[in-house]
Amino acid sequence: MQEQVAIIVGSGPSGLATAACLSQQSIPYIILEREECIASIWKKYSYDRLHLHLAKQFCELPHMSFPASYPTFVPKKMFIQYLDDYVSHFNISPMFQRTVESAEYNEVSKRWIVKARNASSGEVEIYSAKFLLVATGETTNPYTPEVEGLNTFPGEVLHSTQYKSGKEFTNKNVLVVGSGNSGAEIALDLANHGAKTSIIFRSPAHFLSREMVYLGLTMLKYFPVSLVDFLMVMLSKLVYGDLTEYGIGRPTEGPFYMKVKYGKYPLFDVGTYKKIKSGEIQVLPAEIIKVQGNDVLFKNDKLHPFDTIIFCTGFKRSTNLWLKQGDEYLLNKDGLPKPAYPKHWKGKNGLYCVGLSRRGLYGASADAQNIANDIKSIT
């Protein structure tokens, strides 16, 4: 058994931020990472045209700013370079290809016992630590819903994590299922590359430009959410008008309220609206009844043929499968904190979670600093 002071599970931005903050407090740690690289969602499982949706000052990790030369909205390649530089600057060395299979608190030793399978050797390694920090993120395991007849579809079926660029889909009929930011931007990318693109908006959406969101986030420092949301909805109506004519509803609750309460982001529009308005992106009814070969049957009883289906249907977290929390739960069955913000990051017996407050990179950075300060006050 290898004894540690702190074990961080995950080396995405949340895990890296935590490692840097622990280093600043001279607290020893190790990172267990199931992939063979840091930030795998960025390096392996994201599309080429992806940018940070928020302005860079809201996305910096602790103790290291973005270079001044970086644009306001940082593209994927630059963000990955920033993360690599962050790792070098703080001398972070994750233990790669370690999948945590169980983590349980031992009441006798007062330590967390963590079992991780080494993908290279196939062996299970056992670690113990006074502190366990869950930094596995909100985007853990890709989720694709069950659809009747999907196994009969002869074309390509992808999850958004497998999509890179629209250039291979020119002139193809492509259905995008899901209208979060990934779905909307992938649909835009497909349309830009000449694909015959359709998208399903499974729920109402707030369309906001990046500039509106920047204004909203700045205003939230000084005004209540209700007032900021009122302004955001008014601006959205002025810019985008009534979207119901395209089959898209507007939620009754405000965009920032929904982000805090449900973790649901507004739609950061980077061109999708214009493509919908021009007809280059077709909005289809919200529910698929079944798939019949190349044809997809929708709730309005209409059939539409497709060559490719891309599911932009999000992720499920698997923390509940390996984290044994006993009677004192920090995380619920969906892998999100049970305590309300801002007390969400600390559990019992040295258990912490990072980046699960549904407040993006800004929230993860705040969690990392709070946790490092808390551990320092205990040790």
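Two strands count as paired if DSSP finds at least two bridges between them. Strand 4 (residues 111-118) and strand 5 clear that bar, with six bridges joining them in an antiparallel arrangement. Keep in mind that what you're looking at is a predicted model. Here's a quick tour, from the whole chain down to a single buried asparagine.

**The chain as a whole**

- The protein chain's secondary structure adds up to ten helices and 19 strands.
- Its radius of gyration is 22 Å, close to the 21 Å that the globule rule gives for 379 residues, so the chain is as compact as a globular protein of that length.
- Lay the C-alpha trace along its principal axes and you get a span of about 65 × 50 × 40 Å.
- Of the 379 residues, 52% are buried.
- Take the contacts between residues at least 6 apart in sequence: 64% of them join residues at least 24 apart.
- About 17700 Å² of the chain is exposed, and carbon and sulfur atoms supply 51% of that area.
- There are 42 positive and 36 negative charges, and their mean positions sit 4 Å apart.

**Strand 5 and its partners**

- Strand 5 covers residues 124-134 and is mostly covered, with eight of its eleven residues buried.
- Strand 1 (residues 2-9) runs parallel to strand 5, and seven bridges join the two.
- In that pairing, Gln4 stands opposite Ala129.
- Ala129 also has Trp112 standing opposite it, in the antiparallel pairing of strand 4 with strand 5.
- Strand 4 and strand 5 make a hairpin with five residues between the strands, where Gly122 takes a positive phi near 80°.
- Strand 19 (residues 351-353) pairs with strand 5 in the parallel sense, over three bridges.
- Here Leu132 is the residue opposite Leu351.

**A closer look at Asn118**

- Asn118 belongs to strand 4.
- Is Asn118 buried or exposed? Its relative accessible area is 8%, and buried means under 20%, so Asn118 is buried.
- Arg98 is 20 residues away along the chain, yet the C-alpha atoms of Asn118 and Arg98 are separated by 4.8 Å.
- Setting aside neighbours within four places in sequence, Asn118 is in contact with Gln97, Arg98, Glu123 and Glu125.

**Strands 13, 14 and 15**

- Strand 13 (residues 288-292) and strand 14 (residues 295-298) run antiparallel and are joined by four bridges.
- Across this pair, Lys290 stands opposite Leu297.
- Their hairpin leaves two residues between the strands, and Gly293 takes a positive phi near 65° there.
- Strand 14 also pairs with strand 15 (residues 303-305), again in the antiparallel sense, over three bridges.
- Asp295 is opposite Pro305 in strand 15.
- What sits between strand 14 and strand 15? The two form a hairpin with four residues between them, and Asp301 in the turn has a positive phi of about 70°.

**Helix 5**

- Helix 5 spans residues 210-219, and its buried residues are Arg210, Met212, Val213, Gly216, Leu217 and Met219.
- As a reminder, an α-helix has 3.6 residues a turn, so residues three or four places apart point the same way.
- Which elements do the buried residues of helix 5 pack against? They pack against strand 10 (207-209), helix 6 (225-240), helix 7 (255-262) and strand 11 (267-269).

How values were computed. Residues numbered from 1 in each chain as written. Predicted model: local features only at pLDDT ≥ 70, side-chain atom pairs only at ≥ 80, totals over all residues. Heavy atoms only, no water. Rg over C-alpha atoms; globule rule 2.2 N^0.38 Å. Buried < 20%, exposed > 50% of the residue type's maximum accessible area, 1.4 Å probe, protein only. Contact = heavy atoms within 4.5 Å. Areas by Shrake-Rupley, 256 points an atom, 1.4 Å probe, with all protein chains shown as cover. Lys, Arg positive; Asp, Glu negative; His and termini not counted. Charge placed at Lys NZ, Arg CZ, Asp CG, Glu CD.
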